[in-house]
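Please open the structure in your viewer and keep the selection panel at hand. The tour goes from one selection to the next.

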Amino acid sequence: MVDHHVHGAFATAPDRARFEESLREGPHGPVPPWMSAFDSQLGFAVRRWCAPLLDLPEHAPADAYWERRAALGEAEVIARLLPAAGVDHWLVDTGYQGDRLLSPEALGRAAGGAGHTVVRLEALAETLAAAGTSAAAYPGAFRDLLHEATRDAVAVKTVAAYRSGLDLDWSPPDLADVEAAAARWLAAAGPQPRLTDPVLVRHGVHCAVERGLPIQFHTGFGDRDLDLHRVSPLLLTGLLRQPAVAAVPVMLLHCYPFHREAGYLAQAFDQVYCDVGLAVNHVGARAAAVVAESMELAPFAKLLYSSDAWGPAELHFLGAALWRRATGEVVRGWVDAGDWSAADARRVVRMIGRDNALRVYGL
Amino acid sequence: MVDHHVHGAFATAPDRARFEESLREGPHGPVPPWMSAFDSQLGFAVRRWCAPLLDLPEHAPADAYWERRAALGEAEVIARLLPAAGVDHWLVDTGYQGDRLLSPEALGRAAGGAGHTVVRLEALAETLAAAGTSAAAYPGAFRDLLHEATRDAVAVKTVAAYRSGLDLDWSPPDLADVEAAAARWLAAAGPQPRLTDPVLVRHGVHCAVERGLPIQFHTGFGDRDLDLHRVSPLLLTGLLRQPAVAAVPVMLLHCYPFHREAGYLAQAFDQVYCDVGLAVNHVGARAAAVVAESMELAPFAKLLYSSDAWGPAELHFLGAALWRRATGEVVRGWVDAGDWSAADARRVVRMIGRDNALRVYGL
Amino acid sequence: MVDHHVHGAFATAPDRARFEESLREGPHGPVPPWMSAFDSQLGFAVRRWCAPLLDLPEHAPADAYWERRAALGEAEVIARLLPAAGVDHWLVDTGYQGDRLLSPEALGRAAGGAGHTVVRLEALAETLAAAGTSAAAYPGAFRDLLHEATRDAVAVKTVAAYRSGLDLDWSPPDLADVEAAAARWLAAAGPQPRLTDPVLVRHGVHCAVERGLPIQFHTGFGDRDLDLHRVSPLLLTGLLRQPAVAAVPVMLLHCYPFHREAGYLAQAFDQVYCDVGLAVNHVGARAAAVVAESMELAPFAKLLYSSDAWGPAELHFLGAALWRRATGEVVRGWVDAGDWSAADARRVVRMIGRDNALRVYGL
């Protein structure tokens, strides 16, 4: 399989509070004392599917799970869980706290596959701000840095959803507007600059269009920094209609709960692809239902697999384990009902889990 | 079980037209002659689940059901249906035509449980208008009345969804703006004043935040007074981010068809809870599908049960009966598939049906 | 059955490229070489359900299907597929490339049923523009033409969703505004005028309200000309509330992925009806899931069947075949679970597939 959007695994062991926080996509900060992050579909899935790989019975209690995990140590947890994912290509977005995580190369090595780099556009812009780039130099400097940074990358990624929302006028911004926006941002940026300006976000995306690599868009749910009602993939419709964008693969990530809408875009626009990564992990026992909904309008050549795992190696493994089981259950139901042939089912599962990604990313 | 949002049952018997109207959430006015309110998921559920409690066979025809109900009389219908719900705490919103319904105490007595009061914010404001409060006195008078009226209440409720929509700037309004809005409203208000002004709606909500009781928000579908596209719970995101609001439980009611979005908010914000009340009754045979969707992102400590029943005692009983069956079917499926342990399933059902509400409302 | 919204079948055989394009609702232009339009739920459904009617095994490969179809010729394909739909009333929207398709009469003849005409409002307006109508004459000329063109029609249809979006102020426009908008449009209109002006779209709809025939609204997904986030049926709420509109049946077509929202409107407004046409064909093996979702809030007297087929006779047949199977599977599940009686299930299927349409359209 190809995991076409993922992050690194923890390089060192988290404490329990940190581990439980990593099972929650949404909130910032510690889990309140009156609840447990294990009491969720994701938590139940960890206890069901990961526990046996740590020599525990299925559904081992949360405390037992944590103790066993801590006793084994992060290296051993990684050694057991990552190869079990059965993924041989990991496309790693290094743009979020990447220094605390395994690098793409280290992840690939630990998992028995290849690690590839996905470059986050907004992180590049923040590098320029931190380096003291002038507003006049910014537009060209971003373009140059993008080319430089993506020399060995297989894709770029944008988190516009978190920063400006997706409800933008997506036309390419004028050079003068980019300079003016850069001037405002660079003047205000502190030691840890955070790009939220919509003009600069658009500049980044249009430079990426020109660069020509597949562009991954965060869409749908994520942590609470975003406004979920402003990150439907449908808000990209105006961008997708632009002739220059027709030539570049646009990868809609996550999409939940707008995965049907994403399937529509994947049918309507030849360059658009989508997945239900992140969601499959977080909905756990409901993964088959979400996968089935993602297989309605989207042509089968336009669906991919990703985990969006970040941190605990459980997430890298679970994404693949839950997706395989969910997709298998869904297509088996269609074969059993006579709707699909068994040969078609095998072919489509292979397209989504592997072949589409190999083709789009040129792996 | 705890029914954490409900209204009273009819104090006296309705005629048939009135009864059928009460099976429709949406329209105002009589059911057209070319259709029957019984020909709906809710109507079929009444004939399936309530008929046997009235000594009729399952699926008894609508006419037979009505005749039997009328023959028994409202007191007997109540005596058979309310205790059968198996609910021992009823949290009763008295703010909508409460004088035609059983009081919280009477409902609890008839059902063999305890009735608790939920105070509707907009109804308080309308009391002030009817009492001739001046605009200058309004801001403080509302706050005082809220404290007074909630002395024995377990929660407050807002129907902002019906009045102003939820697509507001949810910041606390300035005092001067509240006075100006009150002046406009009080000058225009007739003998039955109806609060729709967004500034006054916000004032009510922020006074409630200060008061500190759990705040119930109508979100999602309801009768046709509301614009469904303006009542998604996601429109509360800006409110939920405010530090003062982090300290107060926010209870998202109904949510359908935005219950996945509500589940996201329940995961993203520690103080947010949600249910699929009202929907469970109205979708009838589809209750398991809706319940399953509500159990995707929401942590299990954040889901609750409610019926939102109003009027016919059938609705008070059905809410509990359908929820129990739907939730049982959903978690049994996960246990049978090996995804959940049976012990976890029992524990989670108890959390959602009872324990979460006991904790949040301090019952 | 009554197919209450459909287009003609191809009058002459398409080539393969054209045939595959017709299996894609979304894009304009040829299918890219790295994918096949057969690799979709619709393509799999064609191979599953239509192949046996062309003497091929179920799931026949795409190439074999195409070769057999081409060898039989369009007349024979039509002769095998159209009567197999089991539809005896076809309500045909002739407004989109109708000259390349069978007329309503020819479609009915080929299928062994009756063809009826549905008049597309925007196409009428474009006729006036092409005929050189003056701006001053336009408002009245449109009204006159509408009456003339609908003398034998059973309904009108609007594609406002494609032209202006549904996010309009839906109040009746002033005469002066209509004339001014007409002046702008007529001055700019080329030899193939396309109506997109929102004022003229509204004028068309309100003339139709006055005319009094059922009005079909395209809502939800369609080809990529539309912005899916601007075509939710909920955006019609303001129109539906107008007293004049309460007297006219409003038929919400397609609705996917907003079919739950459409069901809400069908419950909230007595004059509103909905279907999941087009979607049922495109989601193929998922048809039962979509049909089940459409049967939640909508009263059973308010649901209808349509295929929205256009071009290949496969689509006219599949719509009916998939709907019958999906609806049968859904209601059988409820009967088996004891939720519905078998007699109710038969009655409701007949209402949706036939009786509701006969009543609304006066057939």
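A polar contact is a pair of N or O atoms within 3.5 Å, where within protein one must be able to donate a hydrogen and the other to accept it, and residues adjacent in sequence count only if both atoms are side-chain atoms. This is a predicted model, in which local features need pLDDT of at least 70 and side-chain atom pairs count only at pLDDT 80 or more, while totals for chains, interfaces and linings use all residues. Residues are numbered from 1 along each chain as its sequence is written, chains are lettered from A in the order in which they are written, and side-chain values use heavy atoms, leaving out hydrogens and water.

Begin with chain A, whose mean pLDDT (the predictor's confidence in each residue, from 0 to 100) is 96.

Next, select chain B and chain C together: across their interface there are 21 residue pairs in polar contact, both residues being at pLDDT 80 or more. Here 36 residues of chain B are in contact (heavy atoms within 4.5 Å) with 32 residues of chain C. The same interface holds seven salt bridges, a salt bridge being a side-chain nitrogen of Lys or Arg within 4 Å of a carboxyl oxygen of Asp or Glu. Zoom in on D227(B), which forms a salt bridge with R241(C), the closest N and O atoms lying 2.8 Å apart.

Then select M295(C), which, leaving aside its neighbours within four places in sequence, is in contact with residues including Q41(B) and R286(B), as well as W334(C) and W340(C).

Finally, keep chain B and chain C in view: a rotation of 120° with 0.0 Å of shift along its axis superposes chain B on chain C, with an RMSD of 0.0 Å, by least squares on the C-alpha atoms of residues with pLDDT of at least 70 in both. The two copies are thus related as by a three-fold rotation axis.
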